[in-house]
Amino acid sequence: GRVGEARSADPCEKCNATRITDEAVLADALARIGAAITSAAPERVQASSRWGSLTFQRVGNVFLGRVDGAGEDTTRAMLGELDAAVGLVMQDRTARLVVERAQALGFRLIEHREQDGSLNYVFEEI
């Protein structure tokens with residue numbers, strides 16, 4: 001029981017690494033996959049989702065995550081969707097920075113969405 005738990009070196013049993021280093025990115029990505037944060041601390045975030053309850057623990061500078069009490073496959077499926085959501089969050093953040101920078105330089109940014117869903121940007125002088 002307790003003694004083993006206290007001695008465990010792994011703060012997030014059965015967790016897998018994500019590429020998320022920023023709590024705000026984690027929160028945005030969780031929202032995109034339909035998960036609701038139930039408790040958030042700088043080192044640990046918990047959420048409810050269609051997979052069940054989720055736990056994310058910061059270890060070093062990245063978050064590890066899992067579906068609580070679920071098998072490896074379920075955790076992998078959830079983290080796969082989360083990772084795709086992280087990609088979109090990062091794309092949005094980058095786009096926002098680019099737009100702000102362009103405006104500061106006196107350009108307007110026109111967004112073109114390609115057939116495959118990727119984004120292209122065209123700048124024109126204001």
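**Exercise 1. State the order of helices and strands along the chain, and decide whether the fold is spread out or a compact globule.**

Solution. Read along the sequence, the pattern is α-β-α-β-β-β-β-α-β-β. The radius of gyration is 19 Å, whereas the globule rule gives 14 Å for 126 residues. The first value is well over the second, so the protein is more spread out than a compact globule. The model is a predicted one. Its element count is 3 helices and 7 strands. Along the principal axes, the C-alpha atoms fill a box of roughly 65 × 30 × 20 Å.

**Exercise 2. Check the length of helix 3 against the span expected from its residue count.**

Solution. Helix 3 covers residues 72-104, which is 33 residues. At 1.5 Å a residue, the expected span is 48 Å. The end C-alpha atoms lie 47 Å apart, which agrees with that span. After the helix comes Gly 106, with a positive phi near 85°.

**Exercise 3. Find which residues of helix 3 are buried and what they pack against.**

Solution. The buried residues are Thr 75, Met 78, Leu 79, Leu 82, Ala 85, Val 86, Val 89, Ala 95 and Ala 102. To read the spacing in this list, recall that an α-helix has 3.6 residues a turn, so residues three or four places apart point the same way. The buried residues of helix 3 pack against helix 2 (23-32) and several strands: strand 1 (16-17), strand 4 (52-59), strand 5 (62-67), strand 6 (107-113) and strand 7 (119-125).

Take Thr 75 of helix 3 as a single case. Its relative accessibility is 2%, and the cut-off for buried is under 20%, so Thr 75 counts as buried. Beyond its neighbours within four places in sequence, Thr 75 is in contact with Asn 16, Gly 65, Arg 66 and Val 67.

**Exercise 4. Locate Glu 111 and list its contacts beyond four places in sequence.**

Solution. Glu 111 belongs to strand 6. Leaving aside neighbours within four places, Glu 111 touches Leu 119, Asn 120 and Tyr 121. Val 99 sits 12 residues away along the chain, and the C-alpha atoms of Glu 111 and Val 99 are separated by 9.8 Å.

**Exercise 5. Summarise burial, contact range, surface and charge for the whole protein.**

Solution. Of the 126 residues, 29% are buried. Among contacts between residues at least 6 apart in sequence, 43% join residues at least 24 apart. The exposed area is about 8000 Å², with carbon and sulfur atoms supplying 51% of it. There are 15 positive and 19 negative side chains, and the centres of these two sets lie 5 Å apart.

Notes
Residues numbered from 1 in each chain as written. Predicted model: local features only at pLDDT ≥ 70, side-chain atom pairs only at ≥ 80, totals over all residues. Heavy atoms only, no water. Helix = DSSP H or I, 4+ residues; strand = E, 2+ residues; numbered from the N terminus. Expected span 1.5 Å × (residues − 1). Buried < 20%, exposed > 50% of the residue type's maximum accessible area, 1.4 Å probe, protein only. Contact = heavy atoms within 4.5 Å. Rg over C-alpha atoms; globule rule 2.2 N^0.38 Å. Areas by Shrake-Rupley, 256 points an atom, 1.4 Å probe, with all protein chains shown as cover. Lys, Arg positive; Asp, Glu negative; His and termini not counted. Charge placed at Lys NZ, Arg CZ, Asp CG, Glu CD.
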